[in-house]
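Please look over the sequence and the structure shown here before reading the notes that follow.

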Amino acid sequence: MTSALAAAVERPADRERVRYDCEYLVVGTGAGGSVAGARLAEAGRDVIFLEEGAYHPTGSFVPEVGTMTARLYRNRGVIPILGRPTLAFGEACCVGGGTVINGGLIWRTPPWVLEQWRAQAGLVGYGPEQLARQFETVERDLHVVTTQLEADANRDSARLHAAAGELGWKSVLVPRAVKGCINENCCPTGCIAGAKQSSVQTYLPRAAARGARILTGCRAVRIVHSGGVASRVVAEVGDGPTRRRVEIRCERLVLAAGAVQTPHLLRRSRLSKRAGRSLQFHMNLKIVALFDEPLDAARGTIFTTQVQEFEREGLVMAASNLRPHYLALTLAHQPNATIDRVLGDFRRAGGFVALLQAASRARIESRLGDQPLLHYRLARGDAAAIVRALERLGRLLFRAGAVELYLPVAGSPAVRSQPELDGLLAAARPGRFEIQTVHVMASCPMGSDPARSLVSPAGRLWEARNVFVSDASMLPSNIGESPQGTIMAFAHEIWDRHLAEAPQ
């Protein structure tokens with residue numbers, strides 16, 4: 001079916017055509033958009049996908065991190081969320097969206113989160129029992145399997161897993177959307193083996209096989225609407241003097257551009273003033289560790305195991321990708337001599353991450369041209385939570401056999417013992433933390449009360465009768481895990497309901 005996908009791709013920049021018509025226009029091709037488009041196309045609807053990025057088939061992927069980051073990420077992988085400290089945000093910009101550049105983790109939403117959404121947001125019909133069928137569908141469609149630890153690969157994950165057991169901490173093997181993974185360790189820059197079951201491998205070919213069209217290199221800039229009805233989307237192709245407008249007229253509009261771009265488009269179009277007021281996110285806190293013997297962590301894959309002992313507190317820990325480029329980026333706040341020394345001992349190195357469910361909230365501003373401006377204020381309690389997360393991950397790594405740790409604290413030396421770790425963290429100041437994020441959500445939250453939510457339980461924008469949201473922005477709150485499985489299960493539920501209510 002990948003041949004059908006290639007045939008469905010069209011670059012308006014290469015054509016003179018400036019107007020398209022469809023029944024359903026889906027803006028975005030990632031987790032939520034691909035499910036929406038596939039379900040609609042398979043139900044016989046006329047679907048167009050609008051994608052700002054380019055189509056990169058698996059055969060075009062190469063191992064060079066810099067090359068693929070430039071191809072697959074927005075702004076070459078560097079987007080700041082302004083604050084103290086400023087956060088580094090990574091966002092995909094390609095056909096397949098975040099499913100192409102993530103680790104392929106497919107978690108079912110924690111039951112206590114779904115119960116919270118029922119109680120606080122009034123989401124009836126989205127409990128564990130009701131969503132079980134949708135999660136089963138996603139897991140089948142994406143070939144979700146639990147990656148087993150191997151003797152000659154993923155030794156960093158194996159060390160972490162064993163150390164957690166020694167401490168009496170819960171640690172689990174991770175469910176991932178992969179088929180035939182060969183441990184190339186290229187998950188964040190496109191799986192060169194084609195093992196990761198991104199939407200390019202799954203839902204988008206299905207949609208294309210049923211007639212859906214995909215317009216690439218086409219950036220949505222404005223939704224034209226009147227009286228609560230959207231009639232068309234104005235998009236741009238090209239840059240500079242070659243930039244020109246394209247219009248796509250539609251009967252129904254599905255926004256699936258992600259938790260930043262979807263509210264940005266709504267705000268620019270003056271369709272929702274409340275969109276993007278409260279963006280929620282995870283904080284990725286990375287530690288580089290040197291061990292007592294070679295781990296060869298580059299031979300492995302991302303997030304094979306996950307330590308969940310503190311999941312209810314919003315903290316999970318795992319081994320991350322390790323390649324020289326990632327190691328150097330993680331140590332960018334260190335002197336060059338330190339980076340060179342650690343790179344010279346690469347076989348003993350490992351990269352690890354504490355994923356923290358932040359209480360902080362970001363805001364999206366859409367007043368400075370094409371690109372949104374993101375800023376946040378560190379919430380009271382997050383600084384202490386960061387220190388606890390790093391202390392726990394550091395303790396776990398020392399238990400796993402690490403002999404030297406490099407923390408994400410600007411100007412910090414290597415630490416070689418628990419007392420050194422405790423002393424460094426006690427003196428750390430919030431502005432010196434080095435923090436990244438790749439999971440953003442809840443910027444257009446779903447709920448039953450229009451005064452407290454932007455999207456109805458049916459997935460429809462409260463302010464427009466024919467506009468739907470089908471991406472991470474619709475989640476009512478931060479879930480503390482990789483959100484892809486939740487987004488896709490919710491998308492299946494939304495479009496099941498819609499197709500049942502609107503038969504052709």
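The notes below cover a buried charge, a helix pair and some backbone features.

This is a predicted model, in which local features need pLDDT of at least 70 and side-chain atom pairs count only at pLDDT 80 or more, while totals for chains, interfaces and linings use all residues. Residues are numbered from 1 along each chain as its sequence is written, and side-chain values use heavy atoms, with hydrogens and water left out.

**A buried charge**
- Glu-311 is found in the loop between strand E14 (305-307) and strand E15 (315-319), where strands are DSSP runs of at least two residues and helices (H or I) of at least four, numbered from the N terminus.
- Glu-311 is buried (under 20% relative accessible area, with a 1.4 Å probe and protein chains only), yet has no salt bridge, that is, no side-chain nitrogen of Lys or Arg within 4 Å of a carboxyl oxygen of Asp or Glu.
- The nearest side chain of opposite charge to Glu-311 is Lys-170, 4.5 Å away.

**A helix pair**
- The axes of helix H12 (residues 382-399) and helix H13 (residues 418-427), taken as lines fitted to C-alpha atoms over the stretch in contact, come within 10 Å and cross at roughly 165°.
- That angle makes H12 roughly antiparallel to H13, a term for angles over 145 degrees.
- Residues making the contact (heavy atoms within 4.5 Å) include Val-387 and Leu-390 of H12 and Leu-421 and Leu-425 of H13.

**Backbone features**
- A cis peptide bond, with omega about 5°, joins Arg-84 and Pro-85, and Pro-85 lies in the loop between strand E4 (79-82) and strand E5 (87-89).
- Asn-183 has a positive phi of about 60° although it is not a glycine, and it counts as buried at 8% relative accessibility.

Definitions and conventions: Buried means under 20% relative accessible area, exposed over 50%, partly exposed in between (1.4 Å probe, protein chains only). Lys and Arg count as positive and Asp and Glu as negative; His and the chain ends are not counted. Axes are lines fitted to C-alpha atoms, for helices over the stretch in contact, and angles run from 0 to 180 degrees between N-to-C directions. Angles under 35 degrees count as roughly parallel, over 145 as roughly antiparallel, 65 to 115 as roughly perpendicular and the rest as oblique.
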